[in-house]
Amino acid sequence: MEIIVNLDVMMAKRKIGLNELAERVGITPVNLSILKNNKAKAVRFSTLMALCRELSCQPGDLLEFRDDPE
């Protein structure tokens, strides 16, 4: 089981780059890249709220639960 972050998909839909989004959200481009590339171990609700605000989306648009196939 894993949580997949679909941030890259939403960024492409909204035509916004990593550096611009990081500045708007108030986190470093490195930290946003870690989140975007599914390397993050956790995400703060405040960061998730800021991402949703800037991308005009819902948390479910950014996060996806995938169950291991059996």
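Which residues of helix 1 are buried? In this predicted model, the buried residues of helix 1 are Leu-7, Met-10 and Met-11. Because they cover an arc of only 100 degrees around the axis, they lie on the same side of helix 1. Let us begin with that helix and then move outward.

**Helix 1 and its surroundings**

The buried residues of helix 1 have several packing partners: strand 1, helix 2, helix 3 (29-36), helix 4 and helix 5 (59-62). On the face turned away from the buried side, helix 1 carries the exposed residues Ala-12 and Lys-13. Just after helix 1 comes Lys-15, and its phi is positive, near 55 degrees.

At the other end, Asn-6 sits in the loop between strand 1 (2-5) and helix 1 (7-14). Is Asn-6 buried or exposed? With a relative accessible area of 17%, Asn-6 falls under the 20% cut-off and is therefore buried. Leaving aside residues up to four places away in sequence, Asn-6 touches Asp-61, Leu-62 and Glu-64. Glu-64 will come up again among the charged pairs.

**Helix 2 against helix 3**

Two packed helices are described by the angle between their axes and the distance between the axes. For helix 2 and helix 3, the axes come within 9 Å and cross at roughly 110 degrees. An angle of 65 to 115 degrees counts as roughly perpendicular, and so helix 2 and helix 3 are roughly perpendicular to each other. On the helix 2 side, the contact is made by Leu-18, Asn-19, Leu-21 and Ala-22, while helix 3 contributes Pro-29, Leu-32, Ser-33 and Lys-36. Sorted by class, this contact has five nonpolar, two polar and one charged residues.

**Charged pairs**

Side chains of opposite charge can pair when their charged atoms come close. How many salt bridges does a search of the whole structure find? The search finds four, and the table gives three of these pairs, including two that involve Arg-24.

| Salt bridge | Closest N to O distance |
|---|---|
| Glu-20 and Arg-24 | 2.6 Å |
| Glu-54 and Arg-24 | 3.7 Å |
| Glu-64 and Arg-66 | 3.1 Å |

Glu-20 and Arg-24 both belong to helix 2 (residues 18-25), where they are four residues apart, about one turn of the helix. Glu-20 has 38% relative accessibility and so counts as partly exposed. Arg-24, at 42% relative accessibility, is also classed as partly exposed.

The salt bridge of Glu-54 with Arg-24 has its closest N and O atoms 3.7 Å apart. This pair links distant parts of the chain, with Glu-54 in helix 4 (residues 45-55) and Arg-24 in helix 2, 30 residues apart. Glu-54 counts as partly exposed because its relative accessibility is 23%, a value between the 20% and 50% cut-offs.

Turning to the pair of Glu-64 and Arg-66, their side chains meet at 3.1 Å, N to O. Glu-64 has a relative accessible area of 29% and is therefore partly exposed, and Arg-66 is partly exposed as well, at 40% relative accessibility.

Which residues do salt bridges with shared partners join into one network? They are Glu-20, Arg-24, Arg-53 and Glu-54. Arg-24 forms salt bridges with Glu-20 and with Glu-54, so if you trace the network in the viewer, Arg-24 is a handy place to start.

Terms used
Residues numbered from 1 in each chain as written. Predicted model: local features only at pLDDT ≥ 70, side-chain atom pairs only at ≥ 80, totals over all residues. Heavy atoms only, no water. Helix = DSSP H or I, 4+ residues; strand = E, 2+ residues; numbered from the N terminus. Buried < 20%, exposed > 50% of the residue type's maximum accessible area, 1.4 Å probe, protein only. Contact = heavy atoms within 4.5 Å. Arc of directions from axis to C-beta. Axes fitted to C-alpha atoms, helices over the stretch in contact; angles between N-to-C directions. Parallel < 35°, antiparallel > 145°, perpendicular 65-115°, else oblique. Nonpolar A, V, L, I, M, F, W, Y, C, P; charged D, E, K, R; others polar.
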